[in-house]
Number of protein chains: 2
Amino acid sequence: MALIHDDVMDRSEVRRNRASTFRALAELATGVVHSGDPQSFGASAAILTGLLGFVLADRLFASCGFDPESVRRASHALDRMRASAIAGQYLDLLAAHRGDADEPTARRIAALKSGSYTVAEPLAIGALLATDGALVVDVLGRYGRPLGEAFQIRDDVLGTFGDPVITGKDADGDMREGKQTVLLAIAKRRADPYQRRVLDRHIGDPELSPRQAEQVRDVMAATGALDEAERLIVRLTDEAKSAIVPGAIEHDARDALIALADAATMRLS
Amino acid sequence: MALIHDDVMDRSEVRRNRASTFRALAELATGVVHSGDPQSFGASAAILTGLLGFVLADRLFASCGFDPESVRRASHALDRMRASAIAGQYLDLLAAHRGDADEPTARRIAALKSGSYTVAEPLAIGALLATDGALVVDVLGRYGRPLGEAFQIRDDVLGTFGDPVITGKDADGDMREGKQTVLLAIAKRRADPYQRRVLDRHIGDPELSPRQAEQVRDVMAATGALDEAERLIVRLTDEAKSAIVPGAIEHDARDALIALADAATMRLS
């Protein structure tokens with residue numbers, strides 16, 4: 001659901017190497033729609049599809065088979081996750097339209113947006129379904145929050161430097177959209193005036209050419225922002241792994257969580 | 001939440017005599033947004049606001065104070081309500097873009113869209129929270145479904161003939177949007193070729209003038225569609241009231257439900 005609405009808001013036409021729901025519904029509309037604008041039909045139908053996903057997710061969650069008390073306990077984490085993702089998405093939207101976000105803002109967006117819904121809160125939901133033990137929930141929280149942030153910064157790096165065949169995303173999409181990533185915020189801080197002008201001119205340009213995108217990538221590398229982002233990913237991932245203290249988490253689960261931390265943040269090149 | 005998303009999809013700028021959330025956020029955007037399009041910021045922010053409403057409604061529902069088993073039982077009706085409203089909204093969108101809907105389709109949309117979320121399912125949610133007695137739930141269903149439909153047809157009539165000062169809506173909005181109402185479907189069935197041309201030419205015209213809107217209203221009245229819609233409202237309301245058989249529902253509740261049926265479907269003129 002979040003991804004479908006994301007594509008409507010970004011007017012993204014590609015998702016995982018295929019037409020996004022928004023784009024697919026707009027195409028469908030050119031067949032069935034006789035009046036009005038297919039784009040607007042596609043956007044509206046995609047909003048509804050996303051909402052239906054929201055409802056079906058609620059239904060799955062309510063009927064997951066755990067006892068009502070556990071479901072109720074875990075529903076707090078589910079709702080907190082969704083509220084955080086919405087807040088992060090709003091800050092992201094605001095930053096993209098303002099065309100600027102400093103590093104603390106970019107990191108806050110990363111933590112709220114993906115940190116919460118990709119790693120930290122799903123772990124909390126699982127933990128709260130399984131146990132009312134506060135120690136496990138606390139340990140998984142201290143593991144999940146930095147890992148979620150590391151995962152988002154990896155996603156940002158892949159969004160700028162990743163191979164679109166592997167990532168399934170438009171290679172220059174983040175730059176064209178003007179997405180205010182942690183990587184970009186670091187690059188701006190480290191940039192000299194000439195490098196800063198390259199970033200300001202090209203980030204958020206919907207007509208960005210492949211050659212201009214390459215210039216932006218060169219600045220990200222030459223400023224050392226790419227290296228700094230990679231070091232930040234390593235530091236946050238280490239922080240996550242060191243939260244998994246023996247005693248609080250069973251041995252097998254510990255191994256799995258450490259392998260997960262590496263898999264979620266590894267380079268794809 | 002549904003109303004906020006509704007306004008995004010319709011690009012409606014007025015809701016209850018005030019700027020819609022979509023419009024208000026687009027206006028806000030002209031102050032804070034330096035790049036990009038304020039309209040697109042407004043639409044995206046309104047999608048997020050609607051989703052936040054969705055999450056907060058879930059939170060309120062989960063923490064309503066009833067025991068977990070009752071909440072779980074009622075959550076089925078809550079999810080069915082939301083899925084029905086989404087399905088009805090999609091059929092409505094499709095009909096508006098196709099520019100045509102016959103009477104059975106228009107009635108199906110009315111039943112799914114508003115029938116479910118304004119009357120029938122809220123009653124079912126309340127009943128399922130309060131009791132696991134199948135008779136009460138069944139009786140309230142046979143009351144709520146026709147009443148919900150009658151309420152929607154009243155809404156359609158008010159959307160075309162209502163005083164905007166009382167309804168809080170744009171007086172000609174439904175006609176400009178090409179909303180495929182039950183009233184319009186009846187008018188098309190009863191129209192002679194000249195009257196039909198008036199409807200086809202003006203319904204769904206975003207540039208509809210007040211004089212043209214008046215012509216459409218004249219056709220709705222002259223064909224007898226307005227009278228037929230009023231009779232349909234009365235018949236459905238009577239059907240709802242006669243479902244409230246003594247024995248299944250307590251005396252006081254029965255009086256309140258009958259008063260509610262009248263209040264939800266009365267003329268506002």
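**A short tour of a predicted two-chain model**

Let's start at Glu121(A), which sits in helix 5 (residues 103-130) of chain A. Before I go on, please keep in mind that this is a predicted model. Now, is Glu121(A) buried or exposed? Glu121(A) is buried, because its relative accessible area is 11%, and the cut-off for buried is under 20%. And what does Glu121(A) touch, if we leave out residues up to four places away in sequence? The partners are Ala77(A), Arg80(A), Met81(A) and Ser116(A).

Let's stay in helix 5 of chain A for a moment, because another of its residues, Ala106(A), is found there. Ala106(A) counts as buried, with a relative accessibility of 2%. Leaving out residues up to four places away in sequence, Ala106(A) touches Ala101(A), Gln180(A), Thr181(A), Val182(A) and Ala185(A). Take the last of those: Ala185(A) is 79 residues away from Ala106(A) along the chain, yet 6.8 Å separates their C-alpha atoms.

With those two residues in mind, let me step back to chain A as a whole. How many helices and strands does chain A have? Its secondary structure comes to 13 helices and two strands. Of its 269 residues, 50% count as buried. There is also a figure for contacts along the chain: if you take contacts in chain A between residues at least 6 apart in sequence, 70% of them join residues at least 24 apart.

Next, have a look at helix 4 of chain A, residues 68-98. Does its length come out as expected, or not? Helix 4 of chain A has 31 residues, so at 1.5 Å a residue it should span 45 Å, and its end C-alpha atoms are 44 Å apart, which agrees. Along the way there is a kink of about 25°, centred on Ala74(A). Just after this helix comes Gly99(A), which takes a positive phi of about 75°.

Now turn to chain B and find helix 4 there, again residues 68-98. Its 31 residues should span 45 Å at 1.5 Å a residue, and with the end C-alpha atoms 44 Å apart, the value agrees. Helix 4 of chain B has a kink of about 25°, and Ala74(B) is at its centre. Following the helix is Gly99(B), with a positive phi near 75°.

Let's go back to chain A for a helix pair. Helix 9 (residues 182-190) and helix 10 (residues 193-202) of chain A pack at an angle of about 145°, and their axes are 8 Å apart. Which residues make the contact? From helix 9 of chain A, they are Leu184(A), Ala187(A), Lys188(A) and Arg190(A); from helix 10 of chain A, they are Gln195(A), Arg196(A), Leu199(A) and Asp200(A). Sorted by class, that contact has three nonpolar, one polar and four charged residues.

Over in chain B, the loop between helix 9 and helix 10 (193-202) holds Asp192(B). Asp192(B) counts as partly exposed, at 36% relative accessibility. Thr223(B) is 31 residues from Asp192(B) in sequence, and C-alpha to C-alpha the two are 8.2 Å apart in space.

One loop earlier on your screen, look between helix 8 (173-177) and helix 9 (182-190) of chain B, where Lys179(B) is found. Lys179(B) is buried, with a relative accessible area of 15%. Not counting residues up to four places away in sequence, Lys179(B) touches Asp92(B), Gln152(B), Asp155(B), Asp156(B), Asp174(B) and Leu184(B).

A further stop in chain B is Arg235(B), in helix 12 (residues 225-243). Arg235(B) is partly exposed, at 47% relative accessibility. Arg145(B) lies 90 residues from Arg235(B) in sequence, and their C-alpha atoms are 13 Å apart in space.

I've kept the aromatic rings for the end. How many aromatic pairs does a search of the whole structure find? Over all chains, there are three. One of them is formed by Phe54(A) and Phe54(B); this pair is tilted, with 4.2 Å centre to centre and 45° between the planes. The pair crosses between chains, from helix 3 (residues 38-62) of chain A to helix 3 (residues 38-62) of chain B. Phe54(A) is buried, with a relative accessible area of 2%, and Phe54(B) counts as buried at 2% relative accessibility.

That's the tour, and thank you for listening!

Methods:
Residues are numbered from 1 along each chain as its sequence is written. Chains are lettered from A and ligands numbered from 1 in the order in which they are written. This is a predicted model: local features need pLDDT of at least 70, side-chain atom pairs count only at pLDDT 80 or more; totals for chains, interfaces and linings use all residues. Side-chain values use heavy atoms; hydrogens and water are left out. Rings of Phe, Tyr and Trp (its six-membered ring) pair if their centres lie within 6.5 Å; planes under 30 degrees apart count as stacked, over 60 as edge-to-face and the rest as tilted. Helices (H or I, at least four residues) and strands (E, at least two) are DSSP runs, numbered from the N terminus. Buried means under 20% relative accessible area, exposed over 50%, partly exposed in between (1.4 Å probe, protein chains only). Axes are lines fitted to C-alpha atoms, for helices over the stretch in contact, and angles run from 0 to 180 degrees between N-to-C directions. Contact means heavy atoms within 4.5 Å. Ala, Val, Leu, Ile, Met, Phe, Trp, Tyr, Cys and Pro count as nonpolar, Asp, Glu, Lys and Arg as charged, and the others, Gly among them, as polar. The expected span of a helix is 1.5 Å times one less than its number of residues. The bend at a residue is the angle between axes fitted to the seven residues ending there and the seven starting there.
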